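Subject: Structure handover

Hello,

Here is the structure I promised to pass on. Please open it alongside this note. My findings follow below.

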Amino acid sequence: MRRPKDWDDMKTRFFDRLIDRGTLVIHYPDTNTQIIGQGRPTAHIHLRERKVLARLLSDPEMAFGEAYMDGDWWPGEGGLLAVFELYFANASNFGSSRILDLARHALRGLREANSRLRSRRNVKHHYDIDHELFARFLDRDMQYSCAYFESAEMDLEAAQQAKCRHIARKLCLQPGDRVLDIGCGWGGLALYLARHYDVDVTGLTLSDDQYEYARERAANEGLSERVRFFKQDYREHQRDHGEGYDAIVSVGMFEHVGRPQFQVFFDQVQRLLKPRGRSLIHTIGRNGPPIEDTHGWIEKYIFPGGYVPSLSELAPCVEKTGMSLADLEVWRLHYARTLDCWNERFQQHRDVFRERLGERFCRMWEFYLLGCQAIFRWGELVVFHIQLAQRNDVVPVTRNYLYPERVEAPRLIRDAEFDQTG
């Protein structure tokens, strides 16, 4: 195995700084191989051309995704997930320059200032791509958010229904309650609540595809009288005849609000709730301090205008509304398992998607699904369940009402319980 001197120099200058945990094996097109680091985790990458390496080193956090989409590199043994595992083992080494950080900080407010028009454009960019895409890799109910795996044996279908059931209990629903679903997606949760809890639900979305599909489904299931959908920004929604809602739920939408609108969102929830109203906000969260830079590969190609909040950014907004923080639950590893299921289904239909949307799109989508799975498995992302109430005496004072069918002693999670790919 021959290692040309110029590439050894590049290793000294770059990789010794970037890889201090685990091993990266680089396979060049001339069959030469370069080994960086030692021990586990181990990842292999194959380069189409030698010059690709310079592109990857120029801006690792953006270029790795873009070069993968272009077919400039591909993973070897262990697949793409192994590359992400190695990345997160060394994530603290992939910092950018102070000057670039300052520039990104200056632009942050502009990128996240999601006006009504920009919010509609952001939604169209992702959710109106291709209905068939979502229909094939999501569950039958088309739930596009973290599932709730009550047991390791649950499949995706059961775990998504478990999520709906868990959320419904946290809303403390009574027959006849009026419920608002902000960011209702394809209507799965709204229809579930109406069907199982005999409530009246209003769903809001900005997606053309979600709006049309949800309305059609409600009609087909005979629920149009109790479930209605509007293509409307949450900031524009008004009380009907001066009445508020008994419960407000938002699942997987808050990540798209943007930091400048956090207070606006919680103020609107408070304004629309009745005096004894309850709310459940289900959002991806950061299990760590806020970050300055949001201009990464995910923001550019998948979710423009989005931002994942830290708890320290949410708490002050809730406090200013005067609402009571009734409960806070943190879901760990559930989203990693959910994304694993989604990627498995995507790969089963990859040939179909390649015909419909092209090979570059397929590479982008699998990079997105596996990259997100990795950050929920090895990084700092979790899911926050923020339960709010207008009054402190509305929600039960213990969590017993959430688990009426099971009484069992707490136990530690087994090492591989949620690791279905390990």
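Which residues of E5 lie on one side of the strand, which on the other, and are they buried or exposed? Arg178, Leu180 and Ile182 lie on one side. Val179 and Asp181 lie on the other. All of them are buried, so both faces of E5 are covered; the cut-off for buried is under 20% relative accessible area. Put as a count, five of the five residues of E5 (residues 178-182) are buried.

One caution before the rest: this is a predicted model.

Overall picture

The protein chain has 422 residues, and 55% of them count as buried. Its secondary structure comes to 16 helices and 11 strands. Take the contacts in the chain with a separation of 6 or more: 73% of them join residues 24 or more positions apart.

The seven-stranded sheet

E5 belongs to an open sheet of seven strands. The order is E7-E6-E5-E8-E9-E11-E10, and the pairing is mixed. E7 and E10 (324-331) are the edge strands, each pairing on one side only. Neighbouring strands are turned by 15 degrees against each other on average, direction ignored.

Start from E5 and go to E6 (residues 200-205). The two strands run parallel and are joined by five bridges. Ile182 has Leu204 of E6 as its bridge partner. On to E7: E6 and E7 also pair in the parallel sense, over five bridges. There, Gly203 stands opposite Phe229 in E7.

Now the other neighbour of E5. E5 pairs with E8 (residues 245-251) in the parallel sense, over three bridges. Val179 stands opposite Ala247 in E8.

Helix H9

What links E5 and E6 into a unit, and of which hand? The helix is H9 (residues 188-197): E5, H9 and E6 make a right-handed β-α-β unit. H9 is mostly covered, with seven of its 10 residues buried. Those are Gly188, Leu189, Ala190, Leu191, Tyr192, Leu193 and Ala194. They pack against several strands of the sheet: E5, E6, E7 (227-231) and E8. They also pack against two helices, H8 (156-170) and H10 (208-220). Just after H9, Asp198 takes a positive phi of about 55 degrees.

The four-stranded sheet

A second open sheet has four strands, in the order E2-E1-E3-E4. Its pairing is mixed too. The edges are E2 (33-38) and E4 (73-75), which each pair on one side only. The twist averages 20 degrees from one strand to the next.

Look at the E4 end. E3 (residues 42-47) and E4 pair in the antiparallel sense over three bridges. Ile45 has Pro75 of E4 as its bridge partner. H3 (residues 60-69) packs on this sheet and touches E3 and E4. The direction of H3 makes about 95 degrees with that of E4.

Nonpolar core

Which residues touch the most other members of the largest nonpolar core? They are Trp73, Tyr144 and Trp365, in a core of 67 residues. H16 (residues 359-378) supplies the largest share of this core, 11 residues.

Single residues worth a look

Phe134 sits in H7 (residues 131-137). Its relative accessible area is 0%, and therefore Phe134 counts as buried, the limit being under 20%. Phe134 and Trp342 are 208 residues apart along the chain, yet their C-alpha atoms are separated by 9.6 Å.

Why do Cys146 and Cys184 both count as buried? Buried requires under 20% relative accessible area. Cys146 is at 0%, so Cys146 meets that limit. Cys184 is at 7%, so Cys184 meets it as well. As for disulfides, the count comes to zero, with a pair of cysteine sulfur atoms within 2.5 Å as the criterion.

Where to start

I would begin with E5, whose two faces are both covered. From there, follow H9 across to E6 through the right-handed unit. Then turn to the four-stranded sheet and H3, which packs on it.

Best wishes

Methods. Residues numbered from 1 in each chain as written. Predicted model: local features only at pLDDT ≥ 70, side-chain atom pairs only at ≥ 80, totals over all residues. Heavy atoms only, no water. Core = buried A, V, L, I, M, F, W, Y, C linked by side-chain atoms within 4.5 Å. Buried < 20%, exposed > 50% of the residue type's maximum accessible area, 1.4 Å probe, protein only. Pairing = 2+ DSSP bridges. Axes fitted to C-alpha atoms, helices over the stretch in contact; angles between N-to-C directions. Contact = heavy atoms within 4.5 Å. Right-handed = clockwise from strand over helix to strand, strands pointing away.
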